[in-house]
Amino acid sequence: KKINKLMYYYKKINDINNFDSIYSCLNNLCVCSMGLLFPQCLFGRIYEISGLGECYVGFCNIYLLHFLSNLLISFIFLMKPTSVFINYNFGDFINICEHHDNCGNFNTTIEYYNKTTCEFKNNTLCNCFKESLLKKCNYEKNYEKNIENLIFYINLMTFINIFTGFFINGIFYGYYRTKISKKYNILHNKYCDFCIHFTPILHQLALCQEYNTVYRLEESIIYPVNTM
């Protein structure tokens, strides 16, 4: 009586495994350097050796998430008005106004308005001159304040971008750390998994830890073949 060949791996379900030490990355400098410099690539290798899929698939998944996140935040950043960098050429406005009827000749701007309050001293100016001078005055009056607001906005968006990157790491890598823990019967806590990968430096060390642990466990798995 023939029985189809069965290929399976055996592990002691009742035995609880543990991750290697968080400092186990020092045992393999190649893995350590990859985890610190190219964590997405190391995750791709973990993704492959743990049987979750091809290496490039794991790499592309996390790379695409960070790319889309940075693209979205960059788009939001560019929506901020950048009029502070615009070089207003008020001379062009004045030249145009000089050719308007009832505007007459324009000699100097100092005599006609207060630069501090942007109030006009001479009410006989035509509307074309007033509009040009008002734009010039408001631009000069609010220039320093606009620069300060822009610097604050840049710092805020930078912080949001960094925090978003950490949060994506916590969600994405934490999910797969939990998934690996369940597969290899390793003690874990999904909230701790998130916090571990959310924290800078600890995130890279955890990737090295996961790679070394999965590699060790895969090497210890027995693959018997039953031909009868």
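**Helices α2 and α6 and the nonpolar core**

In this predicted model, α2 and α6 pack at an angle of about 25°, their axes being 12 Å apart. Axes here are lines fitted to C-alpha atoms, for helices over the stretch in contact, and angles run from 0 to 180 degrees between N-to-C directions. Because angles under 35 degrees count as roughly parallel, α2 is roughly parallel to α6.

On the α2 side, the contact (heavy atoms within 4.5 Å) is made by Pro 39, Gln 40, Phe 43, Ile 46 and Tyr 47. On the α6 side, Phe 172, Tyr 173, Tyr 176 and Ile 180 take part.

Allow me to turn to Phe 43. Beyond its neighbours within four places in sequence, Phe 43 contacts Gly 58, Ile 62, Phe 172, Tyr 173, Tyr 176 and Leu 207.

Which residues touch the most other members of the largest nonpolar core? They are Leu 42 and Phe 43, in a core of 23 residues. Such a core is a set of buried Ala, Val, Leu, Ile, Met, Phe, Trp, Tyr and Cys residues joined through side-chain atoms within 4.5 Å; buried means under 20% relative accessible area (1.4 Å probe, protein chains only). Two or more residues each come from α1 (29–37), α2 (39–49), α6 (143–183) and α8 (202–220), with α8 giving the largest share, six residues.

Finally, the chain as a whole. Eight helices (H or I, at least four residues) and two strands (E, at least two) are present, as DSSP runs numbered from the N terminus. Of the 228 residues, 32% are buried.

A note on method: residues are numbered from 1 along each chain as its sequence is written, and side-chain values use heavy atoms, with hydrogens and water left out. Local features need pLDDT of at least 70 and side-chain atom pairs count only at pLDDT 80 or more, whereas totals for chains, interfaces and linings use all residues.

Technical notes
Buried means under 20% relative accessible area, exposed over 50%, partly exposed in between (1.4 Å probe, protein chains only). Angles under 35 degrees count as roughly parallel, over 145 as roughly antiparallel, 65 to 115 as roughly perpendicular and the rest as oblique.
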